[in-house]
Amino acid sequence: MKKVYLDYSATTPVDERVFKKMMPFFSQKYGNASSLHSFGQESKLVLEGAREKVADLISASSEEIIFTSSATESNNLALKGLLKKGDHLIISSIEHHCVEETANYLKREGVLVTKLEVDKKGFVKDLQKNIQKNTVLISIIHASNEIGVIQDIEKIGKIAKKNNILFHTDAAQSFGKVPIDVKYIDLLTASSHKIYGPKGAACLYVKKGIKLTPLLHGGGQEQGLRPSTYNISAIVGFGKAAEIAGKEMEKDYNHQVFLRDKIIEEALKIKGCYLNGDNQKRLPNNINLRFSGIEGEALVIKLDLEGIAVSTGSACASAKLEPSSVLLALGLKPHQAHGSLRISLGKYTTEKEIDYFLKILLKSVKELKQISPYK
Ligand SMILES: Cc1ncc(COP(=O)(O)O)c(C=O)c1O
């Protein structure tokens, strides 16, 4: 059976060039980057090279990059590392679960949390209005993992700066896909496995001078902020993936936007199909559709039977049966949110695959509508 992977927002395959770069670091160049001997120093050198590549992609200095194991860890480090009882945190109502749940944890520890609402298109509202005297951090997702909407982080960063508040953004979905400059950003989360690098490597950008409390205590790695022996092969892969993403961003962007817009144009011809989130300021690879009278899960399963991998929302939420909180935040009713589908493209997606997807989508929607009690 033909297999079409359209769930690149969940994770991406490792680019062959990245894989090749990583290989020697499993069995030949295995030194601990913290060791003084030549084995260690060889690893240290490539570690710092990877750090520079990641920093370059967001116009940061390499000393401002703290390697972690995942975007979840980076987000936890940013929020827990900065906030204490009595502080005020502002997040949005469309954060990834790892920010939302960290905020919920902090709330139980005595941190005050405000969740900003978003408008119908998915843009955050009323930031200035919600700033308090004790607001320490604003953490707002750059590009939504579900609806792909890209927030104006420069505008948010300027408001934060004007009010002397730190600004963190979870850029796990946008890093390497759209240009980012950390000029107005104090902390930023980025991940390797969303940009054709391996799983197990991510980073937190921390602007020079910002003090954080580490989550882990141990050795002095990563300026004491992330002790643990370096996962050198994964970090090397992350660096290479960042380098490729920087060099090929424009080409990959244009390729995916072309395919994205083709899907949107064709899908919207289906009766009862709508696009969730803004149609302009969205990731080049994200399409989030809503079909009236159809269950998103039923569509995902039907498409899977035809070899097509898509999702209803974020991968980590797919086991939950509640409607997506991100879609509800847009003002959708639970039954509308249940009828949504996330299609996320990648640099390897071809037009032929999209044509096949559109054909099967049309057929599947038709069949599901026939058995739907809602016409
Ligand atoms: C925006 C965003 N933040 C954080 C994460 C968490 O990434 P990980 O599960 O790799 O830690 C994801 C993963 O989908 C994401 O899309």
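Around the ligand there are 13 residues, counting a residue when its C-beta atom, placed from the backbone, lies within 6 Å of the ligand, and the closest of the 13 are S70, A71, T72, N145 and A172. That shell divides into five nonpolar residues, seven polar and one charged, where Ala, Val, Leu, Ile, Met, Phe, Trp, Tyr, Cys and Pro count as nonpolar, Asp, Glu, Lys and Arg as charged, and the others, Gly among them, as polar.

Please keep in mind that this is a predicted model, in which local features need pLDDT of at least 70, side-chain atom pairs count only at pLDDT 80 or more, and totals for chains, interfaces and linings use all residues. Residues are numbered from 1 along each chain as its sequence is written.

Now to the sheet. Three strands, which are DSSP runs of E with at least two residues, numbered from the N terminus, form an open antiparallel sheet in the order β9-β10-β12, with pairing taken to require at least two DSSP bridges. Because β9 (273-275) and β12 (340-344) each have a single partner strand, they stand at the edges and one side of each is left without a neighbour in the sheet.

Strand β10, residues 286-291, pairs with β12 over five bridges, and L289 stands opposite L341 there; with β9 it pairs over three bridges, C273 having F291 as its bridge partner.

From β10, N286, N288 and R290 point one way while I287, L289 and F291 point the other way, and all are buried, meaning that 20 or more other C-beta atoms, placed from the backbone, lie within 10 Å of a residue's own.

Notes
Helix = DSSP H or I, 4+ residues; strand = E, 2+ residues; numbered from the N terminus. Buried ≥ 20, exposed ≤ 12 C-beta atoms within 10 Å, placed from the backbone.
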